[in-house]
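This briefing goes with the sequence and structure shown here. The points that follow are grouped by topic.

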Amino acid sequence: MIQFLVYGLNHKNCPVEVRETLHFREKRLPEAFEWIRREWPSVETLILSTCNRVELYFSMETGELSSETIVRFLAAFHGIDRSQFEPLAYRLEGRGAIEHLFRVAAGLDSMVVGENEILGQLREAFRAAQEANTVDSFLYRWAQRALQAGKLIRTKTKINEGAVSVPSVAVELAEKIFGRLAGEKIMVLGTGEMSELTLKNLRQAGAEALYVMSRSEERGRSLAETFGAHWVSKEEWEKFLEEIDILIASTAAPHPIVTLDTVRRAMERRRRRPLFLIDIAVPRNIESEINSLDDVHLYNIDDLQEVAQANLRLRRKEIRQAEAYIQQAVDEFQAWVEGLEAGPTIQLLETYLDQLVEEEIQRLAPRTEEERERLTEFGRRLRSKFLRAPLETLKESSHLGSVRRTLEALHSLFQLRPAPPESLDEIRISDRDAGQ
Amino acid sequence: MIAGSLYLAAFFFHLAAFLGAGEGVKRWALVLVRIGFLVHTFFFFSEPKTEGLLIPISSFGAIMAFFGWALAFVYLVLLARVQSESFGLILAPLLSLLVGGGLLRFHEGPTSLPTPLNPYFILHLGTAFFAYASFTLSFAASILYLIQYRELKRKRGGTFYHRLPSLEALEGLIYQPMAWGVFLLTTAIGIGILWAKSAFGTYWLGEPKTLMTIGVAGFYLVLIYFHYVAASRGKRWVVMSLIAFTFVFFNFFGLSLLGKGLHQMFGGS
């Protein structure tokens, strides 16, 4: 019987302090895989280790893999006490395990629903496992189908639509104002961590950092240098307002430093070219009345967070549709697995019937070739009619997830001998070839 | 009727896509508009011949249907590169209405214009209708711009915010048809003057609609100057383009329905 198993910890019930102690660094992955190959040679394994989860995916055709064994491996490999993580870990088996990987790939198990990063991380984990030769047909197919489902769900639903973090919302808004960013000029007031992150995101999207204003010349120049911008003093930044398209404000000033009059004057000089102001400072750096000016779009930290929340709500609306795709993909995968399990039994049943028919034909001892052909045809039809009902039942139970019981019943009713050991391997090889 | 139904179906598909029905529905909406346009084109070329005309202008309904065809042509052919899905939501029901209107009074009596088959006349009519169609598309983009602008000011991140293109893209969608429209309208005026000479022996008939059309073309030229040469942008320019369209509307429908002279839509003088 093919088994599927997940053992791991994630952001939902395990604090980051614990997750980071269990994290598999890229450098140490080969060592981990080496250990797994040595200790569990018949188990297929994939390690998914990200900042939000550490999960081990297993599939095996025979034998058992107890939680105790896995816990001992994790504790020994990372050199930590098992009591630190064991109570927080989860173990999923069978359909639950299969479904879990599909949900992870779809981003439904992520901290930010629908995020895209996990799909890349899973792809990378799959690649690493392939390189380490710890995935064979079952886990190979499982991960492959999960990746396909993750991609399909992102295409068919809007689960990954809309930015959900402050820096990415800033980029999304800039793109809603200026279209695809292509050299839009940015000025940064202040050198806070969030403003640097927002600037980084905007630059990655295609905007260009032009000026950095900071009270500390040294810090300002350093940040400006990092992003290829110019440092400007707090006395002269206003005159550059007409040149830029996006302003990020995050100074520690206790009162607004960007005033309505300043922006109004700048807008006249800019000939109404749109201006996007991002105020991520607390207390605010930009007077809120500025948003009433035509073609000026002012977003403070609360506004950005509100857009992020609205986007998140939109994503959540898509969850039901994504779940439906997952159920369909899991059903298909399970049907494939059960088909594999049913294959040898069907083969045995067919052989059993062929033998019966052949014996009966021999007993009747046909005199002519014509008579023999007629009896063979009769036997073929009888065999086909006899097989129809059990095959349909098998198909049905494969959809219902109860194929194993049906197989057991067939074995017991017809006293079928166990499946030849090489049959599954044959299916496995042909399936692997088809996948490539 | 078939074309009208296809446009109407396209509208519902656009609406479903807008409400989040997915990419497939959006593609189907555009396919339906295209098929509707092909059907529309077939009837457009077959109907007027039965009335002894090259362009169907024998009734207000026919003019509406012709205008609808010109609108679909400008959108699907001339502006193929700058097409936006959000246009479909406005354009599809408008096309359906125009074609539906065309059905009501398509078979009125023949026009009493002196030389309806004169090539100058045909060209004058064609360029003028395409110009109005271009201005209508520019107007639709202006409406979408103001909706997106409002969404950005409201800071809620609603459906329109997600579905509509950026302000920059919408500004392009206002400007491009506008530039096409000005070019076509100026051409229509020039050809109209030549037609007046060949049909009536004078270049200048002093029609109120001619004067108004020159005014409309001038207004749009100023807008184009401000946008392209003086780099004037933003909401104010968009609002000005909306005002310009009210003159187009009055010129096309107001003066044509109420006015006297050659540009009167029914029968003519």
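In which sense do strand 5 and strand 8 of chain A pair, and over how many bridges? The two strands are parallel, and 4 bridges connect strand 5 (residues 185–189) with strand 8. The model is predicted. The points below start from strand 8 of chain A, move to the antiparallel sheet around strand 3 of chain A, and end with chain B and the interface.

**Strand 8 of chain A and its partners**

- Strand 8 of chain A spans residues 246–249 and is covered on both faces.
- Ile246(A) and Ile248(A) lie on one side of strand 8, Leu247(A) and Ala249(A) on the other, and all of them are buried.
- Toward strand 5 of chain A, Ile186(A) has Ile246(A) as its bridge partner.
- Strand 8 of chain A also pairs with strand 9 (residues 275–279) of chain A, again in the parallel sense and over 4 bridges.
- In that second pairing, Ile246(A) is opposite Phe276(A) of strand 9.

**Strand 3 of chain A**

- Strand 3 of chain A covers residues 53–60, and 8 of its 8 residues are buried.
- In a regular strand, side chains alternate between the two faces of the sheet.
- Arg53(A), Glu55(A), Tyr57(A) and Ser59(A) point one way from strand 3 of chain A.
- Val54(A), Leu56(A), Phe58(A) and Met60(A) point the other way, and both sets are buried.
- Strand 1 (residues 3–10) of chain A runs antiparallel to strand 3 of chain A, with 8 bridges joining them.
- Among the residue pairs between these two strands, Gly8(A) is opposite Glu55(A), and Gln3(A) has Met60(A) as its bridge partner.
- Strand 2 (residues 43–49) of chain A is likewise antiparallel to strand 3 of chain A and is joined to it by 7 bridges.
- Ser49(A) stands opposite Val54(A) of strand 3, and a hairpin of 3 residues links strand 2 of chain A to strand 3 of chain A.

**The antiparallel sheet and the helices on it**

- In chain A, 4 strands make up an open sheet with antiparallel pairing, in the order 2-3-1-4.
- Strand 2 and strand 4 (90–93) of chain A are at the edges with a single partner strand each, so one side of each has no neighbour in the sheet.
- Neighbouring strands of this sheet are turned against each other by 15° on average, direction ignored.
- Helix 5 (residues 117–131) of chain A packs on the sheet and touches strand 2 and strand 3 of chain A, its direction making about 140° with that of strand 2.
- Helix 6 (residues 137–156) of chain A also packs on the sheet, touching strand 1, strand 2 and strand 3 of chain A, and its direction makes about 35° with that of strand 2.

**Chain B**

- Chain B has 9 helices and 0 strands.
- Of the 269 residues in chain B, 54% are buried.
- Among contacts in chain B with a separation of 6 or more, 78% are between residues 24 or more positions apart.
- The accessible surface of chain B is about 11800 Å², and carbon and sulfur atoms account for 72% of this surface.

**Interface of chain A and chain B**

- The contact involves 29 residues of chain A and 26 residues of chain B.
- About 2300 Å² is buried between the two chains, with 46% of this area from carbon and sulfur atoms.
- The rule finds 4 salt bridges across the interface.
- Arg156(B) and Glu306(A) meet through their side chains in a salt bridge, at 3.6 Å from N to O.

Note on methods: Residues are numbered from 1 along each chain as its sequence is written. Chains are lettered from A and ligands numbered from 1 in the order in which they are written. This is a predicted model: local features need pLDDT of at least 70, side-chain atom pairs count only at pLDDT 80 or more; totals for chains, interfaces and linings use all residues. Side-chain values use heavy atoms; hydrogens and water are left out. Buried means under 20% relative accessible area, exposed over 50%, partly exposed in between (1.4 Å probe, protein chains only). Two strands pair if DSSP finds at least two bridges between them. Axes are lines fitted to C-alpha atoms, for helices over the stretch in contact, and angles run from 0 to 180 degrees between N-to-C directions. Contact means heavy atoms within 4.5 Å. Accessible areas come from the Shrake-Rupley method with a 1.4 Å probe; for residues, only the protein chains shown count as cover. Buried area is the accessible area (1.4 Å probe) that two parts lose on being put together, summed over both.
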